[in-house]
Amino acid sequence: MRLQAGCTLQFDAQAPTPLVLMLRPRSGSGQWIETETYQMIPHVPVSEYTDPYGNLCQRLVVPTGPFEVRTEVVADVPDAIDVDETAPYVPVEDLPDGVLQFLLPSRYCESDRLGALALDVVADAAPGYAQVEAIRRWIHEKISYQYGTSDASTSAVVTAEKRVGVCRDFTHLGMALCRSLNIPARMVVGYLHQLDPMDLHAWFEAFVGGRWYTFDATQERPRGNRIPIAYGRDAADVALATQFGPMKLNSMRVWVEEHEEEVVG
């Protein structure tokens with residue numbers, strides 16, 4: 001499907017404030033960015049760099065007062081995600097070098113503290129994809145999705161204890177359980193078509209069978225039509241806006257729609 005997706009962020013800065021944005025999805029395996037617009041009001045100089053995870057980051061200084069960022073893309077993405085229940089576990093010694101970092105505990109994914117729970121969740125599932133699917137299904141069934149029940153400090157261990165959270169929390173818990181079984185897992189943030197309520201979304205990918213597969217514990221069944229924006233070890237790596245000074249985010253609006261073809265002639 002061809003999707004038209006974007007977001008508008010409105011800030012108010014009390015003083016000139018350095019800001020790093022991560023709002024540009026890039027073409028790659030599974031998606032093609034056909035067009036893109038990126039507007040800032042007022043206009044300010046911007047430089048761009050690529051972080052260690054391959055994400056495109058925009059660096060700028062927000063002037064004092066109101067500031068708005070609006071981005072939109074048209075992307076060609078798959079209608080379905082790949083599923084392979086037979087994809088095997090990859091021994092650590094056979095993992096690509098760049099994948100090893102996604103085995104380690106991180107700020108929000110204390111995989112070193114969740115080993116017993118992970119073994120209980122996967123039970124007798126075959127090592128690999130089937131174990132990750134067992135984790136995804138357990139989170140979907142056992143963790144309640146509820147706004148306002150977590151904050152920026154909530155980690156996987158807390159979510160496992162409280163059994164409640166939002167997509168970010170579901171994702172952290174899923175990754176932590178995978179890593180405790182020596183299955184690499186990374187966080188993804190982006191757009192999901194027909195998400196309700198509409199917002200930017202988070203899910204995770206696990207490395208089994210020699211490649212990354214998508215898992216989303218907030219959804220009942222596998223769903224495609226996603227536009228990944230950023231990847232990382234956890235939410236600390238994929239913040240879409242990171243400010244370094246006195247600035248308030250007043251509002252955010254997100255949209256994801258099927259792109260309508262223009263009729264010529």
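**Exercise 1. Strand β11**

Task: In this predicted model, decide whether strand β11 is largely enclosed or open, and describe its pairing with β10.

Solution:
- Step 1. Locate the strand. β11 covers residues 211–215.
- Step 2. Apply the cut-off. A residue is buried when its relative accessible area is under 20%. In β11, 4 of the 5 residues are buried, so the rest of the structure largely encloses this strand.
- Step 3. Find the neighbour. β10, residues 201–208, pairs with β11 in the antiparallel sense. The pairing runs over 5 bridges.
- Step 4. Pick out one bridge. F207 has W212 of β11 as its bridge partner.
- Step 5. Inspect the connection. β10 and β11 form a hairpin, with 2 residues between them. G209 sits in the turn, and its phi is positive, about 60 degrees.

**Exercise 2. Cis peptide bonds**

Task: Where do the cis bonds that lead into P42 and P197 lie?

Solution:
- Step 1. Take P42. The peptide bond joining I41 and P42 is cis, with omega about -5 degrees. P42 belongs to the loop between β3 (32–41) and β4 (47–50).
- Step 2. Take P197. The bond from D196 to P197 is cis, and its omega is near 0 degrees. P197 is in the loop between β9 (185–192) and β10.
- Step 3. Put the two together. The P42 loop links β3 to β4. The P197 loop links β9 to β10.

**Exercise 3. Positive phi outside glycine**

Task: Place A123 and N182 in the chain, and classify each as buried, partly exposed or exposed.

Solution:
- Step 1. Read the backbone of A123. Its phi is positive, near 50 degrees, in a residue other than glycine.
- Step 2. Place A123. The residue lies in the loop between α1 (115–122) and α2 (129–142).
- Step 3. Classify A123. Exposed requires over 50% relative accessible area. A123 has 57%, so it is exposed.
- Step 4. Turn to N182. Here phi is near 65 degrees, again a positive value in a residue other than glycine. N182 is in the loop between α4 (167–180) and β9.
- Step 5. Classify N182. Its relative accessibility is 38%, and N182 counts as partly exposed.

**Exercise 4. The surroundings of A230**

Task: Is A230 buried or exposed, and which residues does A230 touch beyond four places away in sequence?

Solution:
- Step 1. Place the residue. A230 is part of strand β12, residues 226–232.
- Step 2. Check its accessibility. The relative accessible area of A230 is 0%, and the residue is buried.
- Step 3. List the contacts. Leaving out residues up to four places away in sequence, A230 touches M22, N55, M187, V188, V189 and V238.
- Step 4. Compare sequence with space. R24 and A230 are 206 residues apart in sequence, and their C-alpha atoms are 8.2 Å apart.

**Exercise 5. The whole chain**

Task: How does the radius of gyration of the protein chain stand against the globule rule, and what percentage of its residues count as buried?

Solution:
- Step 1. Count the elements. The protein chain has 4 helices and 14 strands.
- Step 2. Test the radius. The radius of gyration is 19 Å, close to the 18 Å that the globule rule gives for 265 residues, so the chain is as compact as a globular protein of that length.
- Step 3. Get the box. Along the principal axes, the C-alpha atoms fill roughly 55 × 50 × 35 Å.
- Step 4. Read the burial. Of the 265 residues, 51% count as buried.
- Step 5. Check the contacts. Among contacts with a separation of 6 or more, 76% join residues 24 or more positions apart.
- Step 6. Finish with charge. The chain carries 22 positive and 36 negative charges, and their mean positions are 5 Å apart.

Terms used. Residues are numbered from 1 along each chain as its sequence is written. This is a predicted model: local features need pLDDT of at least 70, side-chain atom pairs count only at pLDDT 80 or more; totals for chains, interfaces and linings use all residues. Side-chain values use heavy atoms; hydrogens and water are left out. The radius of gyration is taken over C-alpha atoms; the globule rule is 2.2 Å times the number of residues to the power 0.38. Buried means under 20% relative accessible area, exposed over 50%, partly exposed in between (1.4 Å probe, protein chains only). Contact means heavy atoms within 4.5 Å. Lys and Arg count as positive and Asp and Glu as negative; His and the chain ends are not counted. The place of a charge is taken as NZ of Lys, CZ of Arg, CG of Asp or CD of Glu. Two strands pair if DSSP finds at least two bridges between them.
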